[in-house]
Amino acid sequence: MKKYIWVSLLILAGCKKDLDIPNPNALTTEQFWKTSTDAQQGVNSIYSTFHRTGLCRWIHFITIIRSDEGYSTSPNTEIINNWDVFNITDYNWGNTVAFWDDNYIGIDRCNQVLDNVPGIDMDATLRTQLIGEAHFMRGFFYYTLATLWGNVPILLHTSVIGQQPPTSSQDSVFAQAEQDFTEAAGDLPVSYDAGNVGRATKGAAYGMLGKCYMQTHQYAQAQQALAYLVTGGGAGQYSLVPNYRSNFIETSENNAESVFEVQNALNPNDTHDDDTQIGTSDNLNYGTSIPPFFAPRPIGFTDGQARRWPVAEFLSEATVAGGRDPRLAATYLYDSTDPRGPDYTMVYGRTFSSLGYSSDPTVVPNTHDVYFRKFLDDSVMTGEVFHSGNNWRYLRYADVLLLYAEALNAQGSTATAYPFVDAVRQRAGLAPLSTVKPGLSQADFLTQLKHERLVELCGEGHRWEDLARWGDLSSALSSRDPSFAHFKTGRDEFLPIPQFDLDLNPNLRQNPGY
C-alpha cells in the first residue's frame, strides 16, 4: 500500500476568514456517508494526515532533536529555541502549532468515520476492519498528544463549530488511547493482501497498546499486550530481519520486522503538503520532507543533527567476531561511518574528507559533526528531495522485544527478560547479554536496557518517550547535551498549548510553567 486515493473530510471547528461563503459544489457530510466506497475513502483520509507537514516533518524535530540524541545548528533560531534549548516564548509558533493541528485534524477524521461508518449498509467484515483502523489511528494521535503535550482536550465525535472541550489530564488521554487500541485489536485483521499492506493490523494495535501501558507504568498490562506479538497469537507474523540497515532503506519496506509503518510515496507532480486542497489534478506530496532537514551540508540544511556522545555507546562493545557494531554505520553519517575513517566514509557518493569541513569544533559544519542517517536516501540518491518515498518504520519488532523485556524486568522477572534482549543483540552480532552480563539486578538490568534501546533505536523518534518513562528528563542530561542546561523540571516535559486555542476556548488550561 504505497499510496491511497485520499479524500479530505475535515470539518473545521472555527474560521479565521472574514468572509465564509459555502461552496455549492462541495460534497457535504449528508451527501457523503452512504456507501462502502465512502467508508473506505473516509479511512484513507485518516492515513493521509501522515503526509501533512506536522507528521511528515516536524514530529521528527520534536521527538529526536529535542531529546538528548540531537540538536540544531539551524540558521532559523526559532527551531533552536523551540526544539533544542527549551526557550519557548511564542506559544503560537507556526511549526509546533501545525503539528498540534495535524493531530486534531487526524482525530476529527477518525471521529467522522466512527460516527458514520457503523450506519452504512456494507460488508460487515470490511466495516469492522475500517472501524478498527479508525480506532487505531485515533489512539495513535492521542498517544502522540499525551506524550508531547500531556494535558489536552479529548474529542470523541465529529467536530462542530463552537464546541469548547475541557482540558483532560495526561493519564486520561493515555487511557483514551488505550481504549482505542483495545477496540482496534479486537477489530483488525492479522494481515492484509498485497494491495493493502501498510494498514494498521491487530499486531500494530497490541504493540501500541503495550507502548501506552509502558508510558503509564502499567507493566503487567504492557506485558500482556506485547505478548501477543512475542509469544502469543501474532508471534509468527514478526521477526528480526538479518540485515539491520534494511529497516531504513526504500527497497526493503514492510518487511517482517515492521509492526506499523507509515507509507510514503513519490508523486512527481506534487506542489504542496496540504491534503485539504481540492483541485483538478493530484498535486499532494505523498512522501516525507524530513531528509533535506537532516542531511549533512551541503546536501541538506542540517536543521537537525546528532550529538556525538552516543557514538561511544556503539563503540563500547565489539561483536563476537571482533568487529564494530553494524548499527553504528546504519544510524549515523560521520567521519568514521566507514571504520577506516573520513577518506573512506562515503556521503552521497563523496568521501567525508572531500566535504571540506573545518576542524574547528566551533565552526558549522565541522569534522566532528554527526548526522542522523535512518531517514536519509543516501543509499539510492546523490542528493535529497522534499518528497522522499522512503517509509517511516514507526514501530519495529526490535522495539517490541526490548519493551517486553523492560515490562518483565519491572515486575521482577529479570531472568525471564534476558532472551528478548539477547535476540536484539545477536542480530547485531553481539554476544548474548545472558553470557556477558548474567545475573544482573533489576536496577542494573534497566540500566543495561537503556543502553540497548539507545543503540537499537537511536534516531527513530523514541528517545523522548523513553526518557520520560524512565523519569530521566532533567537538567542532569546537560552533561551530554548542553541544551538541557536550560531544561526546567515541571515545565519542559510538555509543549505549551497553542495560545490560539486558549483564546478560543475558556475551558482549556495551559500546561504548568508556561
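This talk walks through a few helix contacts, one buried aspartate and some unusual backbone spots in a predicted model.

Let's start with helix α8, residues 202-215. Two helices pack against α8, and I'll take them in turn.

First partner: α6, residues 124-148. The axes of α6 and α8 come within 11 Å. They cross at roughly 25 degrees. The cut-off for roughly parallel is under 35 degrees, so α6 and α8 count as roughly parallel to each other. The crossing of α6 past α8 is left-handed. Who makes the contact? On the α6 side we have F136, F140 and Y143. On the α8 side we have A204, A205, M208, K211, C212 and Q215. By class, that contact holds 7 nonpolar residues, 1 polar and 1 charged.

Look at K211, which sits in α8. Is K211 buried or exposed? Its relative accessibility is 2%, so K211 counts as buried. What surrounds K211, once neighbours within four places in sequence are set aside? The list is Y143, Y394, L395, D399, L403, H462 and E465. Y143 also appears on the α6 side of the helix contact.

Second partner: α9, residues 219-230. The axes of α8 and α9 come within 8 Å and cross at roughly 160 degrees. Over 145 degrees counts as roughly antiparallel, so α8 is roughly antiparallel to α9. This crossing is left-handed too. From α8, the residues involved are K202, G203, Y206, G207, L209, G210, Y213 and M214. They meet Y219, Q221, A222, A225, L226, Y228 and L229 of α9. The class split here is 10 nonpolar, 4 polar and 1 charged.

Beyond α9 comes a loop that leads to β4, residues 258-262, and G232 is in that loop. At 33% relative accessibility, G232 counts as partly exposed. For a sense of span, take G232 and A98. They are 134 residues apart in sequence, and their C-alpha atoms are 39 Å apart in space.

N254 lies in the loop between α9 and β4 as well. Here the backbone is worth a look. N254 is not a glycine, yet phi is positive, about 50 degrees. With 28% relative accessibility, N254 counts as partly exposed.

Compare Y348, in the loop between β7 (346-347) and β8. Phi of Y348 is near 55 degrees, again a positive value in a residue other than glycine. But Y348 has 4% relative accessibility, so Y348 counts as buried.

Now the cis peptide bonds. One joins R297 and P298, with omega about 5 degrees. P298 sits in the loop between α10 (291-294) and β5 (305-306). Another joins V364 and P365, with omega about -5 degrees. P365 is in the loop between β8 (350-351) and β9 (370-372).

Last stop: D68. This aspartate is in the loop between α3 (53-65) and β1 (70-71). Relative accessibility is 0%, so D68 counts as buried. Which side chains make polar contacts with D68? R463 does, at 2.8 Å. R480 does, also at 2.8 Å. Leaving out neighbours within four places in sequence, the contact list of D68 runs R307, W309, R463, L467, L477, R480, D481 and F484.

To recap: α8 is roughly parallel to α6 and roughly antiparallel to α9. K211 counts as buried at 2%, and D68 counts as buried at 0%. Thanks, that's the tour.

Technical notes:
Residues numbered from 1 in each chain as written. Predicted model: local features only at pLDDT ≥ 70, side-chain atom pairs only at ≥ 80, totals over all residues. Heavy atoms only, no water. Helix = DSSP H or I, 4+ residues; strand = E, 2+ residues; numbered from the N terminus. Buried < 20%, exposed > 50% of the residue type's maximum accessible area, 1.4 Å probe, protein only. Polar contact = N/O pair within 3.5 Å; in protein donor to acceptor, adjacent residues only side chain to side chain. Contact = heavy atoms within 4.5 Å. Axes fitted to C-alpha atoms, helices over the stretch in contact; angles between N-to-C directions. Parallel < 35°, antiparallel > 145°, perpendicular 65-115°, else oblique. Left-handed = near helix turned anticlockwise from the far one by under 90°. Nonpolar A, V, L, I, M, F, W, Y, C, P; charged D, E, K, R; others polar.
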